[in-house]
Amino acid sequence: MSDQNAPNPQPLPPPATEQSSGCAASPPAPLRVAALADYHATRSTGGTQRALFAEIGANAEVLLLCGDLTNTGLPEEAENLAADLAGLRIPIGAVLGNHDCHAGRVEEVKAVLRRANVRFLDDEPLCVHGVGFAGVKGFGGGFAGHMLDPFGEEATKRFVAEAVNEALALEHALHRLDTDRAVVALHYSPIAETVRGEPLEIAPFLGCSRLAETIDRFQNVRAVFHGHAHHGMPEGRTPRGVPVYNCSMDLVGRVQGRPYMVLGV
Ligand SMILES: [Fe+2]
Ligand SMILES: [Fe+2]
């Protein structure tokens, strides 16, 4: 599939800033990365999951929130997630999901969560103990040889352009990382394998292979986390073999008995 209508890539921004002990540090053991997605905070969930995040803080050195942080994208919902995160003392990297965009108040939602020490990876990558984290929301468009092409109606071209732009943003973010090990956070899936279990008819709206094509151009990517496919499969691989984990809370809870993943990277 061609990307003939794709915009020209923008100049690369400077490398990611350091956090914690920084990108240059060489840890003695793998970094313990916790990930969850599809929290869907509502107006009535404030403070109800503090014990969950305290447990995550005890089991991991960094937390990734892979989108659908809120149910309808309201700042009040974000305040309730912020209340749940209040006691967490490990770095938190996040990307938004489609639900976070619904109310058209994305910047307000981000501002609330930044006050709870959440770093949005589409704004600025994160480095923790020598491991780099990059992320974008992503978008739909379908998988492999069945991706939607920028052909025909202008509306179709705009839909595909959104997916292409998200893949380009991920490419820029990964270029900013100069670490030997990198982790990618997404909301939409980069592969078909981890959305299997969802109705076949909605698969093209759950992710896009353009994200995997980007990931596979970076040799330092060790793992990819995403959400959005609540009824998908927990694990798959990109065409180059990079592990991909669907960390949607419903799914992980069903498979592992606790609603978050922890992986050594
Ligand atoms: Fe969701
Ligand atoms: Fe979603």
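# Exercises on a predicted model

In this predicted model, Gly132 has Ala182 in β7 as its bridge partner.

**Exercise 1.** Which strands does this bridge belong to, and in what sense do they pair, parallel or antiparallel?

*Solution.* Begin with the general rule that strands of a sheet pair through backbone hydrogen bonds, either parallel or antiparallel. Next, place the two partners: strand β6 covers residues 131-135 and strand β7 covers residues 181-185. These two strands pair in the parallel sense, and 5 bridges join them.

**Exercise 2.** Place β6 and β7 in their sheet, and find which strands lie at its edges.

*Solution.* First write down the order of the 6 strands, which is β5-β6-β7-β8-β10-β9 in an open sheet with mixed pairing. Then look at the two edge strands, β5 (126-128) and β9 (235-237), each of which pairs on one side only. Finally, consider the twist: on average, neighbouring strands of this sheet are turned by 25° against each other, direction ignored.

**Exercise 3.** Describe the largest nonpolar core, and follow the contacts of Cys247.

*Solution.* In soluble globular proteins, nonpolar side chains tend to be buried together. Here the largest core holds 74 residues, and among those touching the most other members are Ala185, Val224 and Cys247. Helix α5 (residues 154-176) supplies the largest share of this core, 6 residues. Leaving aside residues up to four places away in sequence, Cys247 touches residues including Ala35, Cys66, Phe225 and Tyr260.

**Exercise 4.** Which elements do the buried residues of α2 pack against?

*Solution.* Start from helix α2 (residues 75-85), whose buried residues include Ala78, Leu81 and Leu85. The buried residues of α2 pack against α1 (50-59), β3 (92-95) and α4 (106-114).

Note on methods. Residues are numbered from 1 along each chain as its sequence is written. Chains are lettered from A and ligands numbered from 1 in the order in which they are written. This is a predicted model: local features need pLDDT of at least 70, side-chain atom pairs count only at pLDDT 80 or more; totals for chains, interfaces and linings use all residues. A residue is buried if 20 or more other C-beta atoms lie within 10 Å of its own, exposed if 12 or fewer, and partly exposed in between; C-beta atoms are placed from the backbone. Helices (H or I, at least four residues) and strands (E, at least two) are DSSP runs, numbered from the N terminus. Two residues are in contact if their C-beta atoms, placed from the backbone, lie within 7 Å. Two strands pair if DSSP finds at least two bridges between them. Axes are lines fitted to C-alpha atoms, for helices over the stretch in contact, and angles run from 0 to 180 degrees between N-to-C directions. A nonpolar core is a set of buried Ala, Val, Leu, Ile, Met, Phe, Trp, Tyr and Cys residues joined through C-beta atoms within 7 Å.
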